[in-house]
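Subject: Structure handover and notes on backbone and charge pairs

Dear colleague,

I am passing the structure below on to you, together with some notes on its backbone and its charged side chains. Please read the notes alongside the coordinates.

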Amino acid sequence: MWRQFEYHEPETVEEVLDLLDRYGEDGRILAGGTALLKLLKLRIARPPHLINLKRVKALCFVRREEDGGFRVGALTTYRDIERRSGEVLPLLSEVSRDIGSVQVRVVATVGGGLALAESSSDFAPSAIALGARVRIASKQRGEREETLERFYRGYLETTLLEDELLLELRVPSVRPTTGWAYERICLRKGFDIAIAGVAVLLDLDDGAVKTARLCVGAATPIPQRLLSVEEGLLGVAPAPQLVETLAKEAVRDLETVEDQRASSAYRKEMVKVLMGRAVDRAWTRALEAGRTVG
Amino acid sequence: MRRLVEFTVNGEVFEVAVSAERVLLDLLRYDLGLTGTKKGCGMGECGACTVHLDGLPVYACSTLALDARGHAITTIEGLARNGELAPIQRAFVEEGAIQCGYCTPGMIMAAQALLLENRTPTPEEVRAALQGNLCRCTGYQKILRAVGRCAAENRRQGKEEGRP
């Protein structure tokens, strides 16, 4: 276990920003610890400073806004999102349920997961499909906000600078006629890392798709919106044949990951399959929601 | 640099000198001699080190000891009362859900965490709750049956007491 570090336990956001300002270059943030502790044990991460955020209670929250959107503090655990009584976050509550195992979900945080930028994330493509934004702060420059899509620059790379802290995720409100789904494929049935995942958000109006947002995750180095598929679905009911055609075209230009879990070609195939399933499920949900709304 | 910290384990308070990188698993096994919690992978992937923090299941190998401060830590040693096994422990024994025994403390802690929250889990809920615990011996069937047995007993008790 890497032990040559100076340990810090800030209690407020101000204290964190101050520490990052001073030690950001040499510091690593410890949130839930399920990722970082492993890296410290393997000595892959050898930071001179360790900043443990567990006492910063101000970043643990799920707040519903007046407009129906949500704000999720960076230190909110997946279990918190899963279990929020009465405050079911669209899509995210469902996705959170399958991240890791119970033991992981009790401590692993939304912010930690997003900042880690692992290509296999389920949460990131789902949040992107929802049009989520992230709020980031630093001592020197104050707060900034950007779309989660833009937050990811490249494989394992985000726009976070060394002195910056991810504060919260902002999820826009979804209309009552919206259906959503996230479909993924793993080697095991549970507690596994996704090979490919597709998140879909469909809003319907008069029996046809009014807005569509589709995001691929895990199969690509960073989450990827599929604009061509989104456009192709507008104004129609998503028949399986149409989705298949759109999927085939979209996947042709997709740069998929090749690694020990799956080949690039397999991932392309799976994206097509998952797209079909996710669109179908999201559409069914949207129709049901439409019926309830009346 | 070590600091003197108070820990509450199985209802008892201990004062231990810990350094920042000390993980809860090592605190329990080496500083407190509570070797019931096992080190399997040491990486937060096998579940053998599962303990409770305020009744919630966590991987002790992936928890800094300092982060367990101020929380009620429960280990496998803390389940039995006055020498009597907890219902989940008895169920494991009666169903033959223990072979080499190495995954057992972690499995029981994970199962117990589920039962604390949901006294009558469905088979699917049991599977989901034990996803984070691996067993190389049993093939899981008897483990699932043991937890199911507790769920059934709770269901039966609930009916008797007029609870849903």
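What follows covers the conventions, then two backbone positions, then the salt bridges.

This is a predicted model, in which local features need pLDDT of at least 70 and side-chain atom pairs count only at pLDDT 80 or more, while totals for chains, interfaces and linings use all residues. Residues are numbered from 1 along each chain as its sequence is written, chains are lettered from A and ligands numbered from 1 in the order in which they are written, and side-chain values use heavy atoms, with hydrogens and water left out.

Backbone

Most residues other than glycine have a negative phi. Asp206(A), although not a glycine, has a positive phi of about 60 degrees, and it sits in the loop that joins β12 (196–205) to β13 (208–217) of chain A; helices (H or I, at least four residues) and strands (E, at least two) are DSSP runs, numbered from the N terminus. Asp206(A) is exposed, at a relative accessible area of 79%, where buried means under 20%, exposed over 50%, and partly exposed in between, with a 1.4 Å probe and protein chains only. In chain B, Asn82(B) is likewise not a glycine and has a positive phi, of about 50 degrees; its place is the loop between β5 (72–74) and α2 (87–95) of chain B, and with a relative accessible area of 84% Asn82(B) is exposed.

Salt bridges

Counting a side-chain nitrogen of Lys or Arg within 4 Å of a carboxyl oxygen of Asp or Glu as a salt bridge, one arrives at 39 over all chains. In chain A, Arg135(A) pairs in this way with Glu143(A), their closest N and O atoms being 2.6 Å apart, and Glu143(A) is partly exposed at 48%. Both residues belong to a network of salt bridges that also links Arg71(A), Arg133(A), Glu145(A), Glu168(A) and Arg170(A). A further salt bridge joins Glu157(A) to Arg153(A), with the closest N and O atoms 3.6 Å apart; Glu157(A) is partly exposed at 36% relative accessibility, whereas Arg153(A), at 55%, is exposed.

In chain B, Arg145(B) forms a salt bridge with Glu95(B), at 3.2 Å between the closest N and O atoms. Arg145(B) lies in helix α5 (residues 141–160) and Glu95(B) in helix α2 of chain B, so the pair ties together parts that are 50 residues apart in sequence. Arg145(B) is partly exposed at 48% relative accessibility, while Glu95(B) is buried, with a relative accessible area of 16%.

With best regards
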